[in-house]
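Hi everyone, thanks for making time. I'd like to walk you through a structure that most of you haven't seen before, so let's get it up on the screen.

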Amino acid sequence: MSHGGTDDSMSDDVFEEDTLRAPAQRSTPSPTGYRDYRPDRQRCTVDDDMPIHKTILLGDSGVGKTSLLVQFETGKFQPGNFSATVGIGFTNKVVTVDGIKVKLQIWDTAGQERFRSVTHAYYRDAHALLLLYDVTNKTSFDNIRAWLGEIREYAQDDVVIMLLGNKSDSGLERAVRREEGQRLAREYQVAFMETSAKTGLNVEAAFSHVARSLVAKANPVDTSRLAVRAQTTQEHRSTCPQCT
């Protein structure tokens, strides 16, 4: 399956290969698969008494879930610099929105069909779901409806859902227009952004929106927090487009 010349997927299969090994042969679990990944232990253990909001990255294999997590966690993009790890991994990060700290436990999942039943088990207690497709891969976009169907079946009714069109830096290799993503998001009444794990566009903004939505859900009186605050492609500066 071709993903064009701009590859920010890091191959989600790194999570799948290691599950087939004997336990003694498996590498030390890492939520990213990056050889050079070193989580900030102090940051991960601080505020342990804060409520944890389970947030899951979903989507077809190769759409860039792993790269998105690495970009959010480390602020770096290093294509190809990964090693095989466990089938599902997670990392903790505290996000501050509107002066409120929100602790996200972010789970990266394998995208291939044979791991789908394992992923289903993680839906049930999820607080938020980030559903990704690759804007250079029409099939990954067409499969979003199936993913949303599974979410409706297995996840909680009030789970926060956000649709992300990843690899938005791909230019002429784009196969899915932004308007198509916006239209699908409106149909399913979920928030939408286009992101680039390679350039970092809207990566922080996406997780901030999720955190803001979780705060708003806990405080339903204040609905002003729910506006999607995306960055433009031309500049990494916050704007407030209409929420889709």
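I'll start with the overall layout, then go through some strands, helices and loops.

One thing up front: what you're looking at is a predicted model. The chain has 244 residues, and 54% of them are buried. In terms of secondary structure, we've got eight helices and six strands. If you read the elements off from the N terminus, the order goes α-α-β-α-β-β-α-β-α-α-β-α-β-α. So keep that string in your head as we go along.

Okay, let's begin with strands β1 and β3. β1 covers residues 52-59, and it pairs with β3 in the parallel sense, over six bridges. To give you one of those pairings, I52 has K103 of β3 as its bridge partner. Now, β3 itself is residues 100-109, and eight of its ten residues are buried, so the rest of the structure largely encloses it.

Helix α3 tells a similar kind of story. How many of the ten residues in α3 are buried? Nine of them, so this helix, residues 65-74, is largely enclosed by the rest of the structure too. If you want to click through them, the buried ones are K65, T66, S67, L68, L69, V70, Q71, F72 and E73. Right after α3 comes G75, and that glycine has a positive phi, near 75 degrees.

Let's move along to D125. D125 is in the loop between α4, residues 116-123, and β4. Is D125 buried or partly exposed? At 42% relative accessibility, D125 counts as partly exposed. D125 also gives us a long hop in sequence: T55 is 70 residues away along the chain, yet the C-alpha atoms of D125 and T55 are separated by 9.5 Å.

On the other side of β4, there's a loop I'd like you to zoom in on. This one sits between β4, residues 128-134, and α5, residues 138-142, and T136 is in it. T136 has 11% relative accessibility, so it counts as buried. The T136 side chain makes a polar contact with the side chain of D134, at 2.8 Å. N137 belongs to that β4-to-α5 loop as well. With 5% relative accessibility, N137 is also in the buried category. And what does the side chain of N137 reach? That would be the backbone nitrogen of T139, at 3.0 Å.

Next up, strands β5 and β6. β5 spans residues 160-166, and it runs parallel to β6, with four bridges joining the two. One bridge to look for goes from G165 to E194 in β6. β6 itself is residues 191-194: A191 and M193 point one way, F192 and E194 point the other way, and all of them are buried. Put helix α7, residues 178-188, together with β5 and β6, and you get a β-α-β unit that is right-handed.

While we're on α7, let's see how it sits against α6. Just as background, two packed helices are described by the angle between their axes and the distance between the axes. Here the axes of α6, residues 144-154, and α7 come within 12 Å, and they cross at roughly 25 degrees. Angles under 35 degrees count as roughly parallel, so that's what we call α6 and α7. And the way α6 passes α7 is a right-handed crossing.

Two residues caught my eye for their backbone angles. K167, in the loop between β5 and α7, has a positive phi of about 65 degrees, even though it's not a glycine. That lysine is at 0% relative accessibility, so it counts as buried. N202 is the other: again not a glycine, with a positive phi of about 65 degrees. You'll find N202 in the loop between β6 and α8. At 2% relative accessibility, N202 counts as buried.

Last stop, helix α8, which is residues 203-218. A206 is in this helix, and with a relative accessible area of 1%, A206 is buried. Where does M162 sit relative to A206? The two are 44 residues apart along the chain, and their C-alpha atoms are separated by 8.0 Å.

That's my tour, so let's leave the model up on the screen for discussion.

Technical notes:
Residues are numbered from 1 along each chain as its sequence is written. This is a predicted model: local features need pLDDT of at least 70, side-chain atom pairs count only at pLDDT 80 or more; totals for chains, interfaces and linings use all residues. Side-chain values use heavy atoms; hydrogens and water are left out. Buried means under 20% relative accessible area, exposed over 50%, partly exposed in between (1.4 Å probe, protein chains only). A polar contact is a pair of N or O atoms within 3.5 Å; within protein, one must be able to donate a hydrogen and the other to accept it, and residues adjacent in sequence count only if both atoms are side-chain atoms. Two strands pair if DSSP finds at least two bridges between them. A crossover is right-handed if, with the strands pointing away from the viewer, the path from the first strand over the helix to the second runs clockwise. Axes are lines fitted to C-alpha atoms, for helices over the stretch in contact, and angles run from 0 to 180 degrees between N-to-C directions. Angles under 35 degrees count as roughly parallel, over 145 as roughly antiparallel, 65 to 115 as roughly perpendicular and the rest as oblique. A crossing is left-handed if the near helix is turned anticlockwise from the far one by less than a right angle, and right-handed if clockwise.
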